[in-house]
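Here are some exercises to work through with the structure open beside you. Try each task on your own before reading the solution below it.

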Amino acid sequence: MPGIYIHIPFCKQACNYCDFHFSTSLTTKDAFLNALKKEIEVQKEYLKGDKISTIYFGGGTPSLLSESELMNIFETLEKHFVISPDAEITLEANPDDLTKEKIKQLKATPINRLSIGIQSFYDEDLKLMNRAHNAKEAITAVKAAQDSGFENITIDLIYGIQTLTNSHWKNNLTAAFDLEVKHISAYCLTVEPKTAMAHQVKMGQLKNVDEHQSAEQFEIMLDKMKKNNFIQYEISNFCKQGFYSKHNSNYWRKENYLGLGPSAHSYNGHSRQWNISNNPLYIQSLEKGKLNVEKEELTAEQKYNEYILTSLRTMWGTDLNYIEQTFGKEYSAHSLTEAEKYVETKKVLHQKNKLLLSDEGKLFADKIASDLFIIK
Ligand code: SF4
């Protein structure tokens, strides 16, 4: 069943590593919310009336929205879409927004899953990344959310941070396990071009990320997650049994989804489209009842490459039967031939007509996937 992603393009302050679309000026928030309502109406046929199984508020910082602003969005969604009664509805929240009062308000909405952006339990790391919260707020926020009855909580952590030692990374993982959250997304810090961090590195104010250290921290993570019964169902995503993110799993299974808000992407099985990454232009266009989007029809090669990129990263692996049935024998033969050298070095396991990354192979996931691509 398809999903809806809603991009809330505002943040209190800019984290220096972030290359998502957001603005730190909230002056256009009301106009954005009106435009979003309009977009929901304009896009009501995109998913062809199919029941919605997941809704995901991402950003930006969706926890900047009030209860009434969120309820307004839900009312508009319910007017134009059929939402499954057991839909997974996630809101990304920053710890500094999650006061007891705020959590109570969120609990009064249909939101049933919180994704809390903790990143690290060390203030020095948070300062380096220019996060708006501190470590104490992170712990308080998770506990307050649990006390208010949010059972399905995921937290984000980042490793490979220049100030993060291996022993601090171990402690961060232990702190996450102690909080008894059901899902952890852990990302390796990368210095993206055009970010403040890239500028700091270029100016010599900050050292670059140490790839060797990142790889060590990845291995530490796999070991500790296994020992604590977290299932690695995707390279960066770990959960307790039964707490897979339905929304992310839908992306990886190539379900259709509708993206709303500036910069959001949509996919309907044969084409992909994305909204303009500019708040004023997004608003202006929807004020006239029009979308400001770019669209591309996907070729068979693009669809195959995307399938390789996403499936290889998951514990379900790349299904050669699926490739043969969907794209033809030529494609499945290509994947197998290109995977051979990695099967020989045990970076890829070939089991029951599936290609799966070994723990060592996970370190080279992007390279292995790109070698399996078909570029015409
Ligand atoms: S809060 Fe999230 S979206 Fe906003 S700047 Fe920080 S990382 Fe980026």
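**Exercise 1. The nonpolar core**

Task: In this predicted model, find how many residues the largest nonpolar core has and which of them have the most contacts inside it. Then work out where the core lies with respect to domain 1 and domain 2.

Solution:
- Step 1. The largest nonpolar core has 96 residues. Ile6, Phe57, Leu77 and Ile155 are those with the most contacts inside it.
- Step 2. Helix H5 (residues 135-147) gives the most to this core, namely six residues.
- Step 3. Residues of the core come from both domain 1 (3-252) and domain 2 (300-372), so the core lies between the two.
- Step 4. Now look at Ile6. Leaving aside neighbours within four places in sequence, Ile6 is in contact with Leu36, Ile55, Tyr56, Phe57, Gly58, Ile73, Leu77 and Leu260.

**Exercise 2. The two sides of a helix**

Task: Which residues of helix H3 (residues 100-107) are buried, and what covers them?

Solution:
- Step 1. Lys102, Ile103 and Leu106 are the buried residues to find in H3.
- Step 2. Because these residues cover an arc of only 100° around the axis, they sit on the same side of H3.
- Step 3. Turn to the other side of H3, where Lys100 and Lys104 are exposed.
- Step 4. The cover over the buried residues of H3 includes helix H2 (67-80), strand E3 (83-93), strand E4 (113-119) and H5.

**Exercise 3. Two domains and their interface**

Task: Describe how domain 1 and domain 2 meet, using the separation of their centres, the residues in contact and the area buried between them.

Solution:
- Step 1. The domain assignment gives the chain domain 1 (3-252) and domain 2 (300-372).
- Step 2. Taken over C-alpha atoms, the centres of domain 1 and domain 2 are 29 Å apart.
- Step 3. Contacts join 13 residues of domain 1 to ten residues of domain 2.
- Step 4. The size of an interface is often given as the accessible area lost when the parts come together. For domain 1 and domain 2 this buried area is about 1,100 Å², with carbon and sulfur atoms giving 63% of it.
- Step 5. Two salt bridges are found across the interface of domain 1 and domain 2.

**Exercise 4. Salt bridges**

Task: How many salt bridges does a search of the whole structure find? Follow those of Lys12 and Glu306 in detail.

Solution:
- Step 1. The search of the whole structure finds 13 salt bridges.
- Step 2. One of them pairs Lys12 with Asp96, their closest N and O atoms being 2.7 Å apart. Lys12 lies in the loop between strand E1 (3-8) and helix H1 (29-42), and Asp96 in the loop between E3 and H3, so the pair ties together parts 84 residues apart in sequence.
- Step 3. Compare the accessibilities: Lys12 is partly exposed at 45%, whereas Asp96 is buried at 18%. Lys12, Asp96 and Asp97 are linked in a network of salt bridges.
- Step 4. Glu306 forms a salt bridge with Arg272, the closest N and O atoms being 2.3 Å apart. Arg272 is in strand E11 (residues 271-275) and Glu306 in helix H11, so to speak distant parts of the chain, 34 residues apart.
- Step 5. Glu306 also forms a salt bridge with Lys254, where the closest N and O atoms are 3.6 Å apart. At 10% relative accessibility Arg272 counts as buried, while Lys254, at 21%, counts as partly exposed.

**Exercise 5. Backbone exceptions**

Task: Where is there a cis peptide bond, and which residues other than glycine have a positive phi?

Solution:
- Step 1. Start from the general rule: most residues other than glycine have a negative phi, and most peptide bonds are trans.
- Step 2. The cis peptide bond joins Gly59 and Gly60, with omega about 20°. Gly60 is in the loop between strand E2 (52-59) and H2.
- Step 3. Glu180 has a positive phi, near 55°. Glu180 is in the loop between helix H6 (166-178) and strand E6 (183-188) and is exposed, at 59% relative accessible area.
- Step 4. Lys194 has a positive phi too, near 65°. Lys194 lies in the loop between E6 and helix H7 (196-202) and counts as exposed at 87% relative accessibility.

Key. Residues are numbered from 1 along each chain as its sequence is written. This is a predicted model: local features need pLDDT of at least 70, side-chain atom pairs count only at pLDDT 80 or more; totals for chains, interfaces and linings use all residues. Side-chain values use heavy atoms; hydrogens and water are left out. A nonpolar core is a set of buried Ala, Val, Leu, Ile, Met, Phe, Trp, Tyr and Cys residues joined through side-chain atoms within 4.5 Å. Buried means under 20% relative accessible area, exposed over 50%, partly exposed in between (1.4 Å probe, protein chains only). Helices (H or I, at least four residues) and strands (E, at least two) are DSSP runs, numbered from the N terminus. Domain bounds come from an automatic or database domain assignment. Contact means heavy atoms within 4.5 Å. The arc is that of the directions from the helix axis to the C-beta atoms. Buried area is the accessible area (1.4 Å probe) that two parts lose on being put together, summed over both. A salt bridge is a side-chain nitrogen of Lys or Arg within 4 Å of a carboxyl oxygen of Asp or Glu.
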